[in-house]
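Reader: Please take a close look at the cysteines of this model and say whether any of them are joined, and then place them in the strands and sheets around them. I would like one connected account.

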Amino acid sequence: MAPLSAVSGELGRLTTLVRSGDLEEIREIISQAYSPYELQCLGDPREFSAWYAESGFPGITVSGLSYGSPDLYAETLIRPQPLGTYLLMCEVVRGRVRVSSPGREETCVGPGETYVLDPYRSFQVHWSPGAQMVTVRLAKETVEQAAADALGLDAPVRARFALGGPVSPEAGRTWAGISETVRREVLGDGIARTNPLVAAQLTQTAAGLLVATQRLITPGVDARRTGTVSHAAVRRAMTLVEEEPDRPHTLADLARRARVSPRALQEAFRRHLETTPLGYLRQVRLERAHQDLMAAARDGSATVSEIAHRWGFGNLGRFAAQYRQRYGHPPSRTLGG
């Protein structure tokens with residue numbers, strides 16, 4: 001991860017669009033770059049100044065923005081309109097900002113910390129004197145397709161993000177890595193600026209990691225169990241298990257065929273069925289074993305051991321314990337009538 005001093009130096013290679021102490025000029029130019037917004041100097045207007053710069057390639061724009069100077073006292077308050085068609089991943093390089101979504105959330109962000117502004121809410125940002133920020137801009141539709149892929153859904157979803165930063169320190173480091181790569185491609189001699197295929201792949205990777213590392217609060221599906229499961233990847237995996245319970249399924253195999261990552265499938269099963277994919281497989285196999293035991297009780301066609309092995313239970317003691325937990329009595333009682 002690049003040190004903040006290096007990040008601040010990188011921003012000097014962006015294309016400056018405005019550097020001014022004129023409130024109206026700043027408001028006009030940044031409104032065109034982002035979205036229409038209110039701009040207020042909380043102090044002596046003579047101490048106000050701002051700088052905005054950006055560069056990018058199709059799919060990603062990197063921007064630098066600062067208000068005021070650390071040796072002056074004027075703070076700045078901005079109130080943009082909802083972003084509409086894109087999201088901003090924001091990293092504070094210098095100073096502090098206080099970000100709030102009226103009536104919902106508020107967070108204070110310092111150097112090296114990040115937050116996401118999604119396109120569906122209004123917000124305001126209170127800048128300390130001389131605060132500086134770098135942002136990565138991604139199209140809303142790109143992020144929402146990435147969110148659908150992560151949730152195992154067949155169509156884009158309305159992606160919403162909390163203001164609380166990454167989901168873990170590890171996730172923060174992962175995002176810092178892709179952010180550094182993006183800046184290097186935009187500001188250096190990377191091929192993404194001239195190769196559309198590389199640009200598209202990098203954009204999709206950045207969107208996927210944004211969804212994976214930040215606090216996504218979009219309820220992609222209804223998590224209440226109502227007899228059907230609306231999560232597409234879970235439905236696909238359930239169908240595979242129910243149609244082929246005798247196959248030697250692994251988590252990786254089920255995830256591949258459900259078209260999500262193993263981790264995403266695990267999390268989706270826990271959220272919607274309160275179990276894991278392999279736990280669900282075990283439940284289905286127990287049901288099939290129960291059915292076979294009842295059939296064998298009528299015609300004597302198999303033993304407990306044969307039925308257990310038929311459904312992949314190699315340890316008879318563990319099979320008996322799981323069966324008792326599920327049906328309230330040992331498998332031998334089912335077989336014996």
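Author: In this predicted model, a search of the whole structure finds zero disulfides. A disulfide is a covalent bond between the sulfur atoms of two cysteines. The cut-off applied here is a pair of cysteine sulfur atoms within 2.5 Å, and the sulfur of C90 does not meet it because the closest cysteine sulfur, in C108, is 15 Å away, too far for a bond. Seen from the other side, the result is again negative, because C108 has its closest cysteine sulfur in C90, at 15 Å, which is too far for a bond. The surroundings of these cysteines can be described as well: C90 counts as buried, with 1% relative accessibility, while C108 is partly exposed, its relative accessible area being 46%.

The first of these cysteines leads to strand β6, which spans residues 86–94. This strand belongs to an open sheet of six strands, ordered β1-β3-β4-β11-β6-β9 and paired in antiparallel fashion. The edges of that sheet are formed by β1 (15–20) and β9 (114–117), each of which pairs on one side only, and from one strand to the next the twist averages 20°. Across β6 and β11 (132–139) lies helix α3, made of residues 140–151, and the helix runs at about 75° to β11. Elsewhere in the six-stranded sheet, strand β3 (residues 50–57) and strand β4 (residues 60–67) run antiparallel and are joined by eight bridges; S55, for its part, has V62 in β4 as its bridge partner.

The second cysteine leads to strand β8, which covers residues 105–109 and is an edge strand, as is β2 (37–42), each pairing on one side only. The sheet in question is open and has five strands, in the order β2-β5-β10-β7-β8, with antiparallel pairing. On average, and with direction ignored, neighbouring strands of this sheet are turned by 15° against each other. Within this sheet β7 stands between β10 and β8 in the order, and the antiparallel strands β7 (residues 97–101) and β10 (residues 124–127) are joined by four bridges. One of the residues involved is V97, whose bridge partner in β10 is W127.

Taken together, C90 is buried and C108 is partly exposed, and no disulfide is found in the whole structure.

Methods:
Residues are numbered from 1 along each chain as its sequence is written. This is a predicted model: local features need pLDDT of at least 70, side-chain atom pairs count only at pLDDT 80 or more; totals for chains, interfaces and linings use all residues. Side-chain values use heavy atoms; hydrogens and water are left out. Two strands pair if DSSP finds at least two bridges between them. Helices (H or I, at least four residues) and strands (E, at least two) are DSSP runs, numbered from the N terminus. Axes are lines fitted to C-alpha atoms, for helices over the stretch in contact, and angles run from 0 to 180 degrees between N-to-C directions. Contact means heavy atoms within 4.5 Å. Buried means under 20% relative accessible area, exposed over 50%, partly exposed in between (1.4 Å probe, protein chains only).
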